[in-house]
Amino acid sequence: MAFLTEPDPQRRVALPVIPGISRIVANNPSLMTYHGTNTYLIEAEDGFVVLDPGPDDEGHLDDIIAATQGKVSSILLSHTHSDHLGATSALKARTGATTYAFHLSADPAFFPDVLLRDGDPVVGMTAIHTPGHASDHLCFARPDGIVFSADHVMSWSSSIVSPPGGDMAAYVTSLRLMLSRDDHLYLPGHGPPLPNPKPYVEELLNHRVKREQAILQALLIEPSTTWTLVERLYSKSHPWLKRAAERNVVAHLLKMQMEELVVEEGECWRAKE
Ligand SMILES: [Zn+2]
């Protein structure tokens, strides 16, 4: 995969992305979040739109307030994972901004002010329901071909698809949906901007198809547990990355189970004859 990298970004300041859009990279770097969550600040007529407030971190919240002078009119949420949602209620409390998110929240403790459905207009953009990484995942598309792709398509890595919130069949469908569009720049939830995204999305899709074929091949040789499949098919050595790989394998197996290609028998999975 042709993943993009970027040097350690400057912390605690809004970094320009394109005219009218900047980002603050939250201080939550990890093997799963790269340098940290991108909190986007979008200039609007009545203040700023904040897309993904980021993790529950007082310093990050202060940085958003400083960069916007507290003038936040709207808070958009791509999905309810804590590295995106965490600071939302505190930011709303400090600014009085209206929150927007998918109408079926995957976090039972979070209720947005405005419930979004696929295709809904929101602050000059269109919400696109893109389940897969998370059931409530939204991308936000601008009319100029720029899409906030959040964790559905990230430039630095493929996405973890971890059931039950993650769904591989939905993820693949949501990647195909992105391929059916003609956008020219993605601004992801982690990592640098991704220009010319279509060939990259095609690569992501091929990568998953190949992975699925490899899992099926392995199961045709012998029934295996998910961890045996991880050992056989992945080169990861870090325990976190192994765990992420195992979640992706489970997601593939559940998709293939639905398609009646594999069956689960106790601890093991086997290919269907
Ligand atoms: Zn994330």
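Hi everyone, let's start with one residue: Phe3 is partly exposed, with a relative accessible area of 35%. Please keep in mind throughout that we are looking at a predicted model.

Who is the partner of Phe3 in an aromatic pair? There are three aromatic pairs in the count, and in one of them Phe3 meets Tyr200 edge-to-face, with 6.3 Å from centre to centre and 70° between the planes. Phe3 sits in the segment before strand E1 (15-18), while Tyr200 belongs to helix H5, so this pair ties together parts that are 197 residues apart in sequence. Tyr200 counts as buried, at 6% relative accessibility, whereas Phe3 is partly exposed.

Another aromatic pair joins Tyr40 and Phe148. Their ring centres are 5.1 Å apart and their planes stand at 65°, so this pair is edge-to-face. Here strand E3 supplies Tyr40 and strand E11 (residues 146-150) supplies Phe148, so parts 108 residues apart in sequence are tied together. Are these two rings buried or exposed? Tyr40 is buried at 2% relative accessibility, and Phe148 is buried at 1%.

Now that we have met strand E3, let's follow it to its neighbour. Strand E3 (residues 38-44) pairs with E4 in the antiparallel sense, over five bridges. The two strands form a hairpin, with two residues between them, and Ala44 stands opposite Gly47 in E4.

How many residues of strand E4 are buried? For strand E4 (residues 47-51) the answer is five of the five, so E4 is largely enclosed by the rest of the structure. E4 also pairs with strand E5 (residues 72-76): these two run parallel, joined by four bridges. If you want to find the spot on screen, look for Phe48, which stands opposite Val72 in E5. Between these strands comes a helix: E4, helix H1 (residues 58-68) and E5 make a right-handed β-α-β unit.

A quick reminder for anyone new to sheets: strands pair through backbone hydrogen bonds, either parallel or antiparallel.

There is also an open sheet of six strands, in the order E8-E9-E10-E11-E12-E13, and its pairing is mixed. Which strands are at the edges? They are strand E8 (121-122) and E13, each pairing on one side only. E13 runs antiparallel to E12, with two bridges joining them, and the bridge partner of Leu185 is Pro195 in E13.

Next, the metal site. Which residues coordinate the zinc ion? Asp83 (OD), His84 (NE2), Asp151 (OD) and His190 (NE2) do, at 2.0 to 2.3 Å. Along the chain, the donors follow the spacing D-H-x66-D-x38-H. Asp83 and His190 link distant parts of the chain, being 107 residues apart: Asp83 is in helix H2 (residues 82-85), and His190 is in the loop between strand E12 (185-188) and strand E13 (194-195). Both are buried, Asp83 with a relative accessible area of 15% and His190 with 1%.

Why is the arrangement around the zinc ion called irregular? The four donor atoms subtend angles of 86 to 161°, which makes the arrangement irregular. To count as tetrahedral, all angles of four donors would have to lie between 85 and 135 degrees.

Let's finish with charges. Side chains of opposite charge can pair when their charged atoms come close. This structure holds 16 salt bridges, and I'll show you a few.

One joins Asp182 and Lys198, with the closest N and O atoms 3.2 Å apart. Asp182 is in the loop between helix H4 (168-179) and E12, and Lys198 is in helix H5 (residues 197-221), 16 residues apart. Asp182 is exposed, at 69% relative accessible area, while Lys198 is partly exposed, at 28%.

Another joins Glu222 and Arg232, whose closest N and O atoms are 3.0 Å apart. Glu222 lies in the loop between H5 and helix H6 (226-233), and Arg232 lies in helix H6, so the pair ties together parts 10 residues apart in sequence.

Lys242 forms a salt bridge with Glu231, again with the closest N and O atoms 3.2 Å apart. This pair links helix H7 (residues 239-258), home of Lys242, with helix H6, where we find Glu231. Finally, salt bridges that share partners join Glu58, Asp62 and Arg94 into one network.

Thanks for listening!

How values were computed:
Residues are numbered from 1 along each chain as its sequence is written. This is a predicted model: local features need pLDDT of at least 70, side-chain atom pairs count only at pLDDT 80 or more; totals for chains, interfaces and linings use all residues. Side-chain values use heavy atoms; hydrogens and water are left out. Donors are N, O and S atoms within 2.8 Å of the metal (3.2 Å for Na, K and Ca); water is not among the atoms, so sites may look incomplete. Four donors count as tetrahedral if all angles lie between 85 and 135 degrees; four count as square planar and six as octahedral if opposite donors are over 155 degrees apart and all others between 65 and 115; anything else is irregular. Buried means under 20% relative accessible area, exposed over 50%, partly exposed in between (1.4 Å probe, protein chains only). Two strands pair if DSSP finds at least two bridges between them. A crossover is right-handed if, with the strands pointing away from the viewer, the path from the first strand over the helix to the second runs clockwise. A salt bridge is a side-chain nitrogen of Lys or Arg within 4 Å of a carboxyl oxygen of Asp or Glu. Rings of Phe, Tyr and Trp (its six-membered ring) pair if their centres lie within 6.5 Å; planes under 30 degrees apart count as stacked, over 60 as edge-to-face and the rest as tilted.
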